[in-house]
Amino acid sequence: MTRGLVGVVAAGGVLGSLGRYAVGLALPHASGQWPWGTFLVNVTGSLAMGLLMAWVLTRIDPHPWLRPFLGVGVLGGWTTFSSFALDVHALSGSGRSGLALGYMLASFVVGLVAVAIGLALGQRAFGDRPRPAL
């Protein structure tokens with residue numbers, strides 16, 4: 001681990017977490033309702049991860065802290081598995097097991113589709129992966 005890497009990841013995590021907190025304030029949900037805030041951050045985070053990977057892979061020599069800052073820090077703080085799990089538990093506990101199952105399936109399927117869209121958009125915008133020099 002290089003010196004300063006933990007600080008870079010933590011700084012990105014602060015930015016992502018603050019953004020997710022703001023989304024939670026903007027899109028509150030009551031117990032037993034679809035958690036739109038969590039769904040939104042996880043889907044947009046998946047899309048952003050696809051874009052980020054397409055962009056990073058086109059860089060010949062990306063800065064070694066770029067991916068940890070953006071991928072682990074910012075997007076790790078932006079997306080949330082723990083809130084997703086708590087939302088599923090709360091939906092199930094309020095007698096909305098069908099909604100909980102739909103939420104789980106939608107989060108999984110839409111998240112994977114968002115990553116694929118992000119990668120496709122990124123490859124179109126940034127081009128193909130550079131070939132190593134021989």
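1. Reading from the N terminus, the elements of this chain go α-α-α-α-α. That is five helices and zero strands. Keep in mind that we're looking at a predicted model. The C-alpha trace spans about 60 × 30 × 25 Å along its principal axes. Of the 134 residues in the chain, 31% are buried. As for contacts with a separation of 6 or more, 77% of them come from residues 24 or more positions apart.

2. On to the core. The largest nonpolar core has nine residues: Trp34, Phe39, Val43, Phe84, Val88, Leu91, Ala100, Tyr103 and Ala114. Helix H2 (36–57), helix H4 (81–93) and H5 each put in at least two of them. As background, nonpolar side chains in soluble globular proteins tend to be buried together. If you want one residue to click on here, try valine 88: leaving aside residues up to four places away in sequence, valine 88 touches Ala100, Tyr103 and Met104. Ala100 and Tyr103 are themselves members of the core.

3. Which residues lie nearest the centre of the largest pocket? They are Asn42, Ser46, Ser107, Phe108 and Gly111, out of a lining of 14 residues. The space in this pocket comes to about 240 Å³. H2, H4 and H5 each contribute at least two lining residues, with H5 giving the largest share at six. By character, the lining splits into eight nonpolar, six polar and no charged residues, which may be handy to know before you set anything up around the pocket.

4. Serine 107 deserves its own point, being one of the residues nearest the centre of that pocket. Serine 107 sits in helix H5. Is serine 107 buried or exposed? It counts as buried because its relative accessibility is 16%, and the cut-off for buried is under 20%. The serine 107 side chain reaches the backbone oxygen of tyrosine 103 at 2.8 Å. Apart from residues up to four places away in sequence, serine 107 touches Phe39 and Phe84, and both of those belong to the largest nonpolar core.

5. The second largest pocket has a volume of about 150 Å³. Its lining is made of Arg20, Tyr21, Gly24, Leu27, Pro28, His29, Gly37, Thr38, Val41, Thr80 and Ser83. Helix H1 (5–26) and H2 each supply at least two of these residues. Here the split is four nonpolar, six polar and one charged.

6. Arginine 20 is in the lining of that second pocket, and its home is helix H1. With 26% relative accessibility, arginine 20 counts as partly exposed. What does the side chain of arginine 20 reach at 2.9 Å? The backbone oxygen of glycine 77. Setting aside residues up to four places away in sequence, arginine 20 touches Val41, Gly77, Trp78, Thr79, Thr80 and Ser83. Among those, Val41, Thr80 and Ser83 also line the second largest pocket. Another lining residue, threonine 38, is 18 residues from arginine 20 in sequence and 8.2 Å away in space, C-alpha to C-alpha.

7. Helix H3 (residues 66–78) has these buried residues: Pro68, Gly71, Gly73, Val74, Leu75 and Gly77. What covers them includes H1 and H2. Gly77 ties back to the previous point, since its backbone oxygen is what the arginine 20 side chain reaches.

8. Just a quick look at the loop between H2 and H3, where threonine 58 lies. Threonine 58 counts as buried because its relative accessibility is 11%. A polar atom of the threonine 58 side chain lies 2.7 Å from the backbone oxygen of tryptophan 55.

9. Finally, leucine 99, found in helix H5 (residues 97–126). Why does leucine 99 count as partly exposed? Because its relative accessibility is 23%, and the buried class stops at under 20%. Not counting residues up to four places away in sequence, leucine 99 touches Gly32, Gln33, Trp34 and Leu91. Trp34 and Leu91 are core members. Glycine 73, one of the buried residues of H3, is a different matter: leucine 99 and glycine 73 are 26 residues apart in sequence and 31 Å apart in space, C-alpha to C-alpha.

Definitions and conventions: Residues are numbered from 1 along each chain as its sequence is written. This is a predicted model: local features need pLDDT of at least 70, side-chain atom pairs count only at pLDDT 80 or more; totals for chains, interfaces and linings use all residues. Side-chain values use heavy atoms; hydrogens and water are left out. Helices (H or I, at least four residues) and strands (E, at least two) are DSSP runs, numbered from the N terminus. Buried means under 20% relative accessible area, exposed over 50%, partly exposed in between (1.4 Å probe, protein chains only). Contact means heavy atoms within 4.5 Å. A nonpolar core is a set of buried Ala, Val, Leu, Ile, Met, Phe, Trp, Tyr and Cys residues joined through side-chain atoms within 4.5 Å. On a 1 Å grid over the protein atoms alone, a cavity is a set of points where a 1.4 Å probe fits but cannot get out, and a pocket is an open set with protein on both sides within 12 Å along at least five of seven lines; lining residues have an atom within 4 Å of a point. Grid points are joined across faces, edges and corners, and a volume is the space filled by probe spheres set on the points. Ala, Val, Leu, Ile, Met, Phe, Trp, Tyr, Cys and Pro count as nonpolar, Asp, Glu, Lys and Arg as charged, and the others, Gly among them, as polar. A polar contact is a pair of N or O atoms within 3.5 Å; within protein, one must be able to donate a hydrogen and the other to accept it, and residues adjacent in sequence count only if both atoms are side-chain atoms.
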